[in-house]
Amino acid sequence: MEGFKKYPLIALPLNDENIKENIKSAKNKGIDIIELRIDLFKNTEINNIENIFKFVKENGFGIIATVRSVEEGGGIFIPDDKRIEIFKKVSKYSDILDIELRSTSLHEQISEISRTSGSKLLVSYHDFEKTPNEEEIQNIIDKSKFGDIVKFAFMVNSYDDVGKILSVCHRNREKNIIAIGMGELGKITRVAGFFFGSLITYTYIGESVAPGQIEVEELIKELKFYGLRS
């Protein structure tokens, strides 16, 4: 995981629309890694998905493969058996496979796919309504220890919520954490999180896919201002 700690990584979530133009923009704007949100694809045929992954990989980007469950913000419902089929197909192109902590029925299979392909396993947890207390956040991290990376994203409703997210992130900074506060008040975590040990921040070009994301040019401007990007 040392390669993830050299500098803050900027991830851009994309679907399969306008992929050539979006990848060209990503290159020009300094994106490090592409999150391909398969649950947001218009065409979820396996051949189309594989072609998109191959194209992005050939353009030199690292890839996070995500087939988000609808319970945690996924665009469409994709049955578990198809999710497994998709992960198997794209794992050879992927640097990271993202599986939700709550998708317990898939943990064993996705873990095995990750081990076989050599990709990292990211265990994610999202709450679009609130930020739990620090003990609950720590419990989420502890339950996710079967993965290589732990991502948690919580809706921020107060300044105290920001403190909870960053405090727990800092205490677990050696565990490969991605800590995100969603919503307007959570925006600060998408930059300040790096000072507390968070590995990756998510941005957007055109239209955001999550509340509180910072547009890429503004994000890079802020990272440079704080000395996090040259």
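A residue is called buried when its relative accessible area is under 20%, and exposed when that value is over 50%. The exercises below apply these terms to a predicted model.

**Exercise 1. Which residues of helix H6 are buried, and what do they pack against?**

Step 1. Locate the helix: H6 covers residues 159-171, which is 13 residues.

Step 2. Check its length. From first to last C-alpha the helix H6 reaches 19 Å, close to the 18 Å expected at 1.5 Å a residue.

Step 3. List the buried positions of H6: Asp-161, Val-162, Lys-164, Ile-165, Leu-166, Val-168 and Cys-169.

Step 4. Recall the geometry of a helix. With 3.6 residues a turn, residues three or four places apart point the same way.

Step 5. Find the partners. The buried residues of H6 pack against two helices, H5 (134-143) and H7 (189-192), and two strands, E6 (149-155) and E7 (177-182).

**Exercise 2. Is Phe-225 buried or exposed, and which nonpolar surface patch does Phe-225 help to make?**

Step 1. Place the residue: Phe-225 belongs to helix H8, residues 216-225.

Step 2. Compare with the cut-off. Phe-225 has a relative accessible area of 67%, and exposed means over 50%, so Phe-225 is exposed.

Step 3. Name the patch. Phe-195, Phe-225 and Tyr-226 make a nonpolar surface patch of about 390 Å².

**Exercise 3. Which residues touch the most other members of the largest nonpolar core, and what is Phe-53 in contact with?**

Step 1. The largest nonpolar core has 58 residues; those touching the most other members are Ile-34, Leu-36, Phe-53, Val-56, Ile-110 and Phe-152.

Step 2. Take Phe-53 and leave aside neighbours within four places in sequence. Its contacts are then Leu-36, Ile-38, Ile-63, Ala-65, Val-90, Tyr-93 and Ser-94.

Step 3. Another core lies apart from this one, with 15 residues, including Leu-9 and Met-155.

**Exercise 4. Which residues form salt bridges with Arg-68, and which network do shared partners create?**

Step 1. Start from the principle that side chains of opposite charge can pair when their charged atoms come close.

Step 2. Asp-98 forms a salt bridge with Arg-68, with the closest N and O atoms 2.9 Å apart. Asp-98 is in strand E4 and Arg-68 in the loop between strand E3 and helix H3, 30 residues apart.

Step 3. Glu-100 also forms a salt bridge with Arg-68, at 3.0 Å.

Step 4. Test for burial. Asp-98 has 0% relative accessibility and Arg-68 has a relative accessible area of 4%, so both are buried.

Step 5. Glu-100 meets Arg-83 in a salt bridge too, at 2.6 Å. Shared partners join Glu-35, Arg-68, Asp-80, Arg-83, Asp-98 and Glu-100 into one network.

Note on methods:
Residues are numbered from 1 along each chain as its sequence is written. This is a predicted model: local features need pLDDT of at least 70, side-chain atom pairs count only at pLDDT 80 or more; totals for chains, interfaces and linings use all residues. Side-chain values use heavy atoms; hydrogens and water are left out. Helices (H or I, at least four residues) and strands (E, at least two) are DSSP runs, numbered from the N terminus. The expected span of a helix is 1.5 Å times one less than its number of residues. Buried means under 20% relative accessible area, exposed over 50%, partly exposed in between (1.4 Å probe, protein chains only). Contact means heavy atoms within 4.5 Å. Patches are made of residues with over 30% relative accessible area and no salt bridge: like charges are joined within 9 Å, nonpolar side chains (Val, Leu, Ile, Met, Phe, Trp, Tyr) within 5 Å. Accessible areas come from the Shrake-Rupley method with a 1.4 Å probe; for residues, only the protein chains shown count as cover. A salt bridge is a side-chain nitrogen of Lys or Arg within 4 Å of a carboxyl oxygen of Asp or Glu. A nonpolar core is a set of buried Ala, Val, Leu, Ile, Met, Phe, Trp, Tyr and Cys residues joined through side-chain atoms within 4.5 Å.
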